[in-house]
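Colleague: I should like to learn how to read the features of a model such as this one. Could we take them one at a time, with the general idea before the case?

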Amino acid sequence: MDSVTADDLIRARAGDELAFERLVAPVQRELHAHCYRMLGSTHDADDALQDGLLRVWSGLAGFEGRSSLRSWLYTIVTRVCLDHAGRRGKRALPMDLGPSSERAVMSDVAALDVAWLEPYPDRSLALGPTTPEVRYDQREAVELAFVSAVQQLTGNQRAALLLFEVLGFSATEIAEMLDTTVASVNSALQRARAALVDKVPSTTQREARHMIGDDRLHELVTGFAGALERGDVDLLVSLLSADVTWSMPPLRGWYQGLDAVSDFAGRVPLDACGSWRTAHMSANGQPAVACWLRNEPSDAFVGWSINVLAFRDGHISNITSFIGIEHFAEFGLPDTAV
């Protein structure tokens, strides 16, 4: 601990709130991203981080410096996340709940009884410190496929995996953080890795985009947005991989393969919904497109969905459309568009 941090710690223990803010500021964004990975929800991450920092503030007198300040902060915040996860349960995407549909489901309605996975704003993501031992860097570790997969792990497995493979803590440190044994941590890591083998793609989206190249990536994102605005089913289909998936939480229905996705796209977003306005953006470290919908010519375009795109072999391989105007404020987007 450097002299400036040590001085702020002394001041914070004496009740200096500004000193406390200086102490936690360097790691606050990476702590928030950790909460999101643990809980799969930006809103839950907000609550967990706030609760965690309140516990840190009230427990400063008990910090004896036997571990680093960063390790102590992660200990408290991780335990808060485990408490939150135990009360709320696992976040899901539609494909976690049932098989895909072969044809457009016109009667699909929002499932309000499901705790849905939520998108994450890249502006909230800090790179954070890493070590050569980590398997995922912090941007890769908020990709939808990874966050969705870790939601299916038990709380302790999830915590151990994230602390070890994303944040670079040792098994010994994690055992102390979770108040367990090194053997239990290693067992949790082994089970977590085995559970993720078939759920997390071997190629990250960061690697996939590098292989595609900037020109083709721009063509895919621009083409997707343009196809929606022009109602061009043929253009949309030309951008998709043969095994493409499209899901729309909080709707349960989802589609896989060109035939099913083409039927859905032609009958719902490109026909039955209305007119679209779009904007390129980024979410979960992936290219995304925000969509505003207008039902009647006299209506305003109102925020409808954040569409997060995944890519493979030069095509769009997955579309996750997070429906709900409540997502727009998280990304600094307006509720309406011209």
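Modeller: We begin with the naming of elements: helices are DSSP runs of H or I with at least four residues, strands are runs of E with at least two, and both are numbered from the N terminus. In these terms, D313 is found in the loop between strand 5 and strand 6. Please keep in mind throughout that this is a predicted model.

Colleague: What is the sign of phi at D313, and is the residue buried or exposed?

Modeller: D313 has a positive phi of about 55°, although it is not a glycine. Exposed is the term for a residue over 50% relative accessible area; D313 counts as exposed because its relative accessibility is 69%.

Colleague: Which loop holds N284, and what is its phi?

Modeller: N284 sits in the loop between strand 3 (275-283) and strand 4. Its phi is near 55°, again a positive value in a residue other than glycine. Buried means under 20% relative accessible area, and N284 counts as buried because its relative accessibility is 0%. A glycine with a positive phi can be seen at G213, just after helix 9, where the angle is about 95°.

Colleague: Which peptide bond is cis?

Modeller: Omega is the angle to read here. The bond that joins P249 and P250 is cis, with omega of about 20°. P250 belongs to the loop between strand 1 and strand 2.

Colleague: Let us turn to helices. Why do residues three or four places apart in an α-helix point the same way?

Modeller: An α-helix has 3.6 residues a turn, so residues at that spacing point the same way. Helix 8 is a good case. This helix covers residues 182-196, 15 in number, and reaches 21 Å from its first C-alpha to its last, close to the 21 Å expected at 1.5 Å a residue. Its buried residues are V185, A188, L189, A192 and L196. Viewed down the axis of helix 8, they fall within an arc of 100°, so they line one face of the helix.

Colleague: Which residues of helix 8 are exposed on the other side, and what covers the buried ones?

Modeller: A183, Q190, R191 and A194 are exposed on the other side of helix 8. The cover over the buried residues includes helix 5 (144-150), helix 6 (155-166) and helix 7 (171-177).

Colleague: Which residues of helix 9 are buried?

Modeller: In helix 9 (residues 205-212), the buried residues are Q205, A208, R209 and I212. They cover an arc of only 95° around the axis, which puts them on the same side of helix 9. The face turned away from that buried side carries the exposed residues H210 and M211. Helix 10 (214-230), strand 4 (286-294) and strand 5 (301-312) are among the elements that cover the buried residues of helix 9.

Colleague: How is a single buried residue described?

Modeller: By its element, its accessibility and its contacts. H34 lies in helix 2 (residues 17-39) and counts as buried because its relative accessibility is 0%. Not counting residues up to four places away in sequence, H34 touches Y74, T78, L162, L163 and L167. In strand 6, S317 is buried, with a relative accessible area of 10%. Neighbours within four places in sequence aside, S317 is in contact with S241, D243, V244, T245, A310, F311 and R312.

Colleague: And empty space: how much lies in the largest pocket?

Modeller: Rolling a probe the size of a water molecule over the atoms shows where empty space is left. The largest pocket holds about 940 Å³. It is lined by 35 residues, and A145, K199, P201, A310 and N318 are the closest to its centre. Helix 5 gives the largest share of this lining, 5 residues. By class, the lining has 15 nonpolar, 12 polar and 8 charged residues.

Colleague: What is the make-up of the lining of the second largest pocket?

Modeller: That lining has 18 nonpolar, 3 polar and 1 charged residues. The second largest pocket contains about 450 Å³ of space. Of its 22 lining residues, L251, V268, C273, W304 and I323 lie nearest the centre. Strand 5 supplies the largest share of the lining, 3 residues.

Technical notes
Residues are numbered from 1 along each chain as its sequence is written. This is a predicted model: local features need pLDDT of at least 70, side-chain atom pairs count only at pLDDT 80 or more; totals for chains, interfaces and linings use all residues. Side-chain values use heavy atoms; hydrogens and water are left out. Buried means under 20% relative accessible area, exposed over 50%, partly exposed in between (1.4 Å probe, protein chains only). Contact means heavy atoms within 4.5 Å. The arc is that of the directions from the helix axis to the C-beta atoms. The expected span of a helix is 1.5 Å times one less than its number of residues. On a 1 Å grid over the protein atoms alone, a cavity is a set of points where a 1.4 Å probe fits but cannot get out, and a pocket is an open set with protein on both sides within 12 Å along at least five of seven lines; lining residues have an atom within 4 Å of a point. Grid points are joined across faces, edges and corners, and a volume is the space filled by probe spheres set on the points. Ala, Val, Leu, Ile, Met, Phe, Trp, Tyr, Cys and Pro count as nonpolar, Asp, Glu, Lys and Arg as charged, and the others, Gly among them, as polar.
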